[in-house]
Amino acid sequence: MIFILFIFNSINNFAQLIKPGEVNNNVNISDIKVIEVNIPQGSSASQISSILDSTGIVTSSLAFELYLRNENLTDKLRPGTYDIQNNLSFEDITSILLK
């Protein structure tokens with residue numbers, strides 16, 4: 001039980017380090033791309049995070065998934081095809097996936 005509490009506390013602390021409104025300003029403008037991504041019907045937050053990581057929209061699927069869990073958004077994202085820039089904050093990406 002103590003181990004589970006330790007793991008939960010560690011993940012929660014990691015999630016709090018994520019600054020959802022922060023945009024990566026160190027990206028060269030020529031590196032910014034609009035990427036088409038397809039989120040299939042029934043995708044879990046983990047699967048969506050992996051899709052976004054594999055397409056280059058987020059740099060860490062774990063960090064994005066923790067952000068979704070911390071904001072209670074894991075079951076609110078909608079399936080579909082989206083055009084998303086690769087330099088957006090987690091908050092901006094999530095707002096696109098909620099529409």
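**A core shared by helices and strands**

In this predicted model, the largest nonpolar core has 19 residues, and L52, I57, F64, I84, I93 and L97 touch the most other members. At least two residues of this core come from each of β1, α2, α3, β2 and α4. Helix α3 gives the most, with four residues.

Now the frame around that core. The protein has four helices and two strands. Read from the N terminus, the elements run α-β-α-α-β-α. The chain has 99 residues, and 28% of them count as buried. Take the contacts between residues at least 6 apart in sequence: 62% of them join residues at least 24 apart. The accessible surface comes to about 6,600 Å². Carbon and sulfur atoms account for 52% of that surface.

Helix α4 is a good place to look next. It spans residues 90-97, and its buried residues are F90, I93, T94 and L97. Viewed down the axis of α4, these buried residues fall within an arc of 100 degrees, so they line one face of the helix. What covers them? The cover includes β1 (34-39), α2 (45-55), α3 (61-70) and β2 (80-85).

One residue of that face, I93, shows the packing in detail. Leaving out residues up to four places away in sequence, I93 touches L52, I57, V58, F64, I84 and L88. I93 is also among the core residues that touch the most other members, as are its partners L52, I57, F64 and I84.

The aromatic residues come next. The structure holds three aromatic pairs. F64 and F90 form one of them, and it is edge-to-face: 5.2 Å centre to centre, with 75 degrees between the planes. This pair links distant parts of the chain, since F64 sits in helix α3 and F90 in helix α4, 26 residues apart. The rings of Y67 and F90 have their centres 5.7 Å apart and their planes at 45 degrees, so this pair is tilted. It too links distant parts of the chain: Y67 lies in helix α3 and F90 in helix α4, 23 residues apart.

F64, Y67 and F90 form one aromatic cluster. Are its members buried or exposed? A residue counts as buried under 20% relative accessible area. F64 has a relative accessible area of 0%, so it is buried. Y67 is buried at 6%. F90, at 14%, counts as buried as well.

Key
Residues numbered from 1 in each chain as written. Predicted model: local features only at pLDDT ≥ 70, side-chain atom pairs only at ≥ 80, totals over all residues. Heavy atoms only, no water. Buried < 20%, exposed > 50% of the residue type's maximum accessible area, 1.4 Å probe, protein only. Arc of directions from axis to C-beta. Contact = heavy atoms within 4.5 Å. Core = buried A, V, L, I, M, F, W, Y, C linked by side-chain atoms within 4.5 Å. Areas by Shrake-Rupley, 256 points an atom, 1.4 Å probe, with all protein chains shown as cover. Phe/Tyr/Trp six-rings, centres within 6.5 Å; stacked < 30°, edge-to-face > 60°.
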